[in-house]
Amino acid sequence: MFWCVKMSFEISKLIFQAFGDRRMLFCLFVESLIRYSWKPGVMGNKVHLCSMTQKSFFSNTVFLAIVACLLWSSAFVGVKIGLKYHSPFQFAGVRFMISGLLIMMYFNNRKSYWGQLKSSWKFIAKVAALQTVLIYMLFYSGINLLPASVSAMIIGSSPLFISLVSHFTLHNDKMDWLKSISIIFGVVGVALITFSRSSLPVGQQISLLGVLLLLCNNLVSGFANVLVTKKPKELSPVVLSSASLFFGGVALVFISIPIEGYGLKAVSVEYFVSLGWLSFLSAAAFAIWFTLLGRPGVKVSELNTWKFLIPVSGAILSWLIMPDEEPELVSIIGMLVIASSLLVMNYSNRRNNRIAAGKR
């Protein structure tokens with residue numbers, strides 16, 4: 001797990017060094033999130049940041065959730081570049097095949113890897129079908145039918161749908177009024193950031209099919225997250241993420257052939273850089289996320305609330321990297337609303353922990 005975090009930071013340092021002092025905005029944003037997160041009661045943590053060892057720092061649930069979300073937030077530019085050279089389903093398939101192989105290389109015990117793969121292949125196949133194949137087919141099909149702002153808004157609201165799915169499928173992950181307020185704040189914040197950066201074109205018709213496809217994408221994502229929490233105890237999250245990404249990627253490539261034909265239009269250094277970065281971030285983010293979903297005491301709805309950070313960090317990265325992108329008041333207000341969402345979630349966690357402690 002530590003290789004994902006450390007390599008992410010090393011790559012991030014190289015990127016930020018190219019953009020001067022503006023990187024401080026992003027660093028301060030991440031640091032404030034991490035420092036706030038290490039207060040008692042946040043997702044089961046009971047230690048202050050100043051008293052933590054380096055190992056516990058890098059293995060903290062909230063810290064790792066933030067790292068995974070920051071990685072996912074950087075995917076948009078890479079996908080945009082890659083789709084100039086490769087068809088959507090096939091590009092996603094190749095990306096996930098490489099991601100699965102990268103995680104497999106990290107797993108030292110080959111005998112144990114193949115043993116787990118053989119004993120849990122049915123469960124791995126279900127996760128691959130939901131998390132890799134179905135979600136990304138719905139995602140790419142939906143965004144092709146909708147304006148970018150509408151697509152970003154629907155995808156950004158995925159924590160709401162995941163929380164609803166976990167409420168009806170998990171006995172220990174029910175919605176309460178505080179959690180509901182937190183999620184509503186998060187959706188409102190995503191809407192403010194999305195429409196401040198990309199307004200809906202006047203008179204443009206919105207495809208109902210596109211909306212339905214992306215809503216289905218969010219629901220399937222919820223069921224996939226719940227499914228991962230039910231993995232067999234003997235199945236390592238590293239093996240699960242590696243195998244589901246690799247075999248899901250293979251399936252996407254085969255599905256793409258009758259639909260898209262030979263999807264590679266051209267190649268360039270830009271294409272290989274985007275493919276390499278996307279493959280790495282998928283390997284790191286999914287390995288982290290699957291590990292967190294398998295941790296005792298981690299609830300699907302609370303973990304996925306951190307995904308509200310994806311549009312926030314995506315906007316900040318755009319301001320840092322894109323010369324024509326500048327912070328806007330509405331976007332900043334949206335970020336503050338999302339910060340309020342996370343504060344409410346933190347208060348809800350503390351309250352639930354106090355209630356649970358009082359019953360003992």
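**View 1. Helices α4 and α14 are roughly antiparallel to each other.** The term applies to angles over 145 degrees, while angles under 35 count as roughly parallel, 65 to 115 as roughly perpendicular and the rest as oblique. Welcome to a predicted model, in which local features need pLDDT of at least 70 and side-chain atom pairs count only at pLDDT 80 or more, whereas totals for chains, interfaces and linings use all residues. Residues are numbered from 1 along each chain as its sequence is written, and side-chain values use heavy atoms, with hydrogens and water left out. Here α4 covers residues 61–73 and α14 covers residues 269–293; they pack at an angle of about 150 degrees, with 9 Å between their axes. Helices are DSSP runs of H or I with at least four residues, strands are runs of E with at least two, and both are numbered from the N terminus. Axes are lines fitted to C-alpha atoms, for helices over the stretch in contact, and angles between N-to-C directions run from 0 to 180 degrees. The crossing of α4 past α14 is left-handed, meaning that the near helix is turned anticlockwise from the far one by less than a right angle; clockwise would make it right-handed.

**View 2. Helix α13 meets α14 at an oblique angle.** Look for α13 at residues 237–260: this helix and α14 pack at about 135 degrees, and their axes are 8 Å apart. This time the crossing is right-handed, as α13 passes α14.

**View 3. Helix α8 also packs with α13.** The axes of α8 (residues 121–143) and α13 come within 8 Å and cross at roughly 50 degrees. That angle makes α8 oblique to α13, and α8 passes α13 in a right-handed crossing. F123 has its place in α8. With a relative accessible area of 13%, F123 is buried; buried means under 20%, exposed over 50%, and partly exposed in between, using a 1.4 Å probe and protein chains only. F123 and L240 are 117 residues apart along the chain, yet their C-alpha atoms are separated by 8.8 Å.

**View 4. A salt bridge joins E270 and K84.** The structure holds one such bridge, defined as a side-chain nitrogen of Lys or Arg within 4 Å of a carboxyl oxygen of Asp or Glu. In this pair the closest N and O atoms are 3.4 Å apart. It links distant parts of the chain: E270 sits in α14 and K84 in the loop between α5 (75–82) and α6 (88–106), with their positions 186 residues apart. E270 counts as partly exposed, at 33% relative accessibility.

**View 5. Two further pairs bring together residues distant in sequence.** L101, in helix α6, is partly exposed at 39% relative accessibility. From L101 to L245 the sequence separation is 144 residues, and their C-alpha atoms are 8.6 Å apart in space. G210 lies in helix α12, residues 208–229, and counts as buried because its relative accessibility is 0%. G210 and L146 are 64 residues apart in sequence, with 6.0 Å between their C-alpha atoms.

**View 6. A nonpolar patch lies on the surface.** Its members are W177, I181, I184, F185 and V188, and together they have about 460 Å² of accessible area. Such areas come from the Shrake-Rupley method with a 1.4 Å probe, and for residues only the protein chains shown count as cover. Patches are made of residues with over 30% relative accessible area and no salt bridge, joining like charges within 9 Å and nonpolar side chains (Val, Leu, Ile, Met, Phe, Trp, Tyr) within 5 Å. V188 lies in helix α11, residues 177–197, and is partly exposed at 39% relative accessibility.
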